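The following exercises are to be worked with the sequence and the coordinates at hand. Each task is followed by a stepwise solution.

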Amino acid sequence: MASSVQLRRENSMQESPRSPEARVGMQVEDLWDVQEPQLSPTEKLNACFESIPVSAFPPAPQGIEIKSDASLAEAVQILAQNKILSAPVVDVDAPEDATWIDRYIGIVEFAGIAVWILQQSEPPSPRSPSSPSGADFAVAANGITSAAGLGTLSPEDAAITSGNFFEALTSSEFYKKTKVRDISGSFRWAPFLALQKSNSFLTMLLLLSKYKMKSVPVLDLGDGQINNIITQSAVIHMLAECTGLHWFESWGTKKLSEIGLPSMSLKEIITVHEDEPVLQAFKLMRKMRIGGIPVVERGGKKAVGNISLRDIQFLLTAPEIYHDYRYITAKNFLIAVKKYLEKHDKRSPMLSGMITCKRDKTIKELIQTLDLEKIHRVYVVDDEGNLEGVITLRDIISRLVHEPRGYFGDFFDGVLPLPENSRV
């Protein structure tokens, strides 16, 4: 039976070629058809994904790595030019025959670079004159450094983080001369947690959902190098490409409410008001370890926009967008970024604004929206447009599979701890 099913799949692929991601879905389809009938749909999916090696996942188009002796300015330029938010860092001092754990020192990201710089800035004495070349940088650093703390930012904090600050920051020698290896404490994984090519899809999906990893490097132990990085977005794209396959349709046609989404109540959603400093949003995201925050009306429940962790790149790559605003509030930030993208990058997914949906949407429709718009979250609203919940890529993946009891065993024992000065 299994051989006849496989033959039908191969004939189907020849008649109607599918994307590499869809071919992975067809492997799941083959396995789905031969699973034990007494298994539940979720148990079937678990068994299917456990039988597929992670090496079957199509390789990412970019294999960007950053050398440990690159400056922060160079690292930001590499990330911006390749339109990626993070990249693995290669230790230039590692010997040629080094194992992967000695070859790589972690994954650096836009947010880590920005936050590290701001936290390292020494507050100036209020009565001592600042040097002319660093005046704006010193004054603003004093205000922004408080963003890493636990207090709430005030309108005054928004005022001092003006365009002058960010221009001073990105033109400073501090920014240009500090090496990527010097900020290892800001890396998300140092060294990062990686999978071998023989690990299963199920392991990868659980790391991206239950264990909250935004991306999972896949290593070739033979040459000790990364040959793929699988992101949450890539998994969602794979699912979108599986439309029409039996296993996907049986799961994807369920309504969000049927599979327990959104999982957070309105009271649990972290928000920022439109008149609060935008740095308050970034501070909350780092503190709460979340990727995005809705911007809501003052005194209301309607969301007027979304600020995500990836937006922090504009602090380093486009400081000029703030020139028209004395106070960099969340609302002004959204306006400024939109104007900048309309001029420089009309294909950016951030131009789509805030994407919303209702509770009666199906998981399939939501996946297609997320993949089409290239976004990481959708906000659930009622008929009046009031915010009711949020659904992230991780939420969706977590509903696809579940972790069997004792599944990981001692899997995490080989992961070295983060550096003592890590803030991630």
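A salt bridge is taken here as a side-chain nitrogen of Lys or Arg within 4 Å of a carboxyl oxygen of Asp or Glu. The model is predicted, so local features need pLDDT of at least 70, side-chain atom pairs count only at pLDDT 80 or more, and totals for chains, interfaces and linings use all residues. Residues are numbered from 1 along each chain as its sequence is written, and side-chain values use heavy atoms, with hydrogens and water left out.

**Exercise 1. Salt bridges**

Task: Determine which residue forms a salt bridge with Asp275, and where the two partners lie.

Solution.
Step 1. The partner of Asp275 is Arg298, and their closest N and O atoms are 3.0 Å apart.
Step 2. Helices (H or I, at least four residues) and strands (E, at least two) are DSSP runs, numbered from the N terminus. Asp275 sits in the loop between β7 (272–273) and α14 (278–288), and Arg298 in the loop between β8 (292–296) and β9 (303–308); the pair links distant parts of the chain, 23 residues apart.
Step 3. Relative accessible area is classed as buried under 20%, exposed over 50% and partly exposed in between (1.4 Å probe, protein chains only). With 38%, Asp275 is partly exposed.

Task: Describe the salt bridge between Glu173 and Lys177 in terms of helix α10.

Solution.
Step 1. The closest N and O atoms of Glu173 and Lys177 are 3.7 Å apart.
Step 2. Because the two residues are 4 residues apart in helix α10 (residues 173–177), about one helical turn separates Glu173 from Lys177.
Step 3. Glu173 is partly exposed at 46% relative accessible area, whereas Lys177 is exposed at 59%.
Step 4. For the total, the structure holds 10 salt bridges. Another of them joins Glu65 to Arg103, with the closest N and O atoms 3.8 Å apart.

**Exercise 2. The helix pair α3 and α11**

Task: State how the axes of α3 and α11 are arranged, and which residues make the contact.

Solution.
Step 1. Axes are lines fitted to C-alpha atoms, for helices over the stretch in contact, and angles run from 0 to 180 degrees between N-to-C directions. The axes of α3 and α11 come within 6 Å and cross at roughly 115°.
Step 2. Angles under 35 degrees count as roughly parallel, over 145 as roughly antiparallel, 65 to 115 as roughly perpendicular and the rest as oblique. The two helices, α3 and α11, are therefore roughly perpendicular to each other.
Step 3. Contact means heavy atoms within 4.5 Å. Asn46, Phe49 and Glu50 of α3 meet Phe201, Leu202 and Leu205 of α11.
Step 4. Lys44, Leu45, Asn46, Cys48 and Phe49 are buried in α3. Their cover includes α2 (20–33), α11, α12 (232–240), α13 (246–252) and α18 (393–400).
Step 5. In α18, the buried residues are Leu393, Asp395, Ile396, Ile397 and Leu400. These pack against α3, α11, α12, α13, α17 and β12 (387–392).

**Exercise 3. Nonpolar cores**

Task: Identify the residues of the largest nonpolar core that touch the most other members.

Solution.
Step 1. A nonpolar core is a set of buried Ala, Val, Leu, Ile, Met, Phe, Trp, Tyr and Cys residues joined through side-chain atoms within 4.5 Å.
Step 2. The largest core has 52 residues, and Phe49, Met204, Leu239 and Trp247 touch the most other members. Helix α11 (residues 201–208) gives the most to this core, with 7 residues.
Step 3. Not counting residues up to four places away in sequence, Leu239 touches Trp247, Phe248, Trp251, Ile367 and Leu400.
Step 4. A second, separate core of 44 residues includes Ile66, Trp116, Val180 and Ile293.

**Exercise 4. The surroundings of Leu316**

Task: Establish whether Leu316 counts as buried or exposed, and what it contacts.

Solution.
Step 1. Leu316 belongs to helix α15 (residues 313–317), and at 6% relative accessibility Leu316 counts as buried.
Step 2. Beyond four places in sequence, Leu316 is in contact with Val76, Phe110, Ile113, Ala114, Leu169, Thr170 and Tyr175.
Step 3. The C-alpha atoms of Leu316 and Ala114 are separated by 7.2 Å, although their positions lie 202 residues apart along the chain as a separation.

**Exercise 5. Confidence**

Task: Locate where confidence is lowest and where it is highest in the chain.

Solution.
Step 1. pLDDT is the predictor's confidence in each residue, from 0 to 100. Its mean over the chain is 78, and 76% of the residues reach 70 or more.
Step 2. Confidence is lowest in helix α7 (residues 135–145), at a mean of 40, and highest in β1, at 95.
Step 3. Over residues 122–151 pLDDT stays under 50. Where pLDDT is low, the predicted coordinates should not be read in detail.
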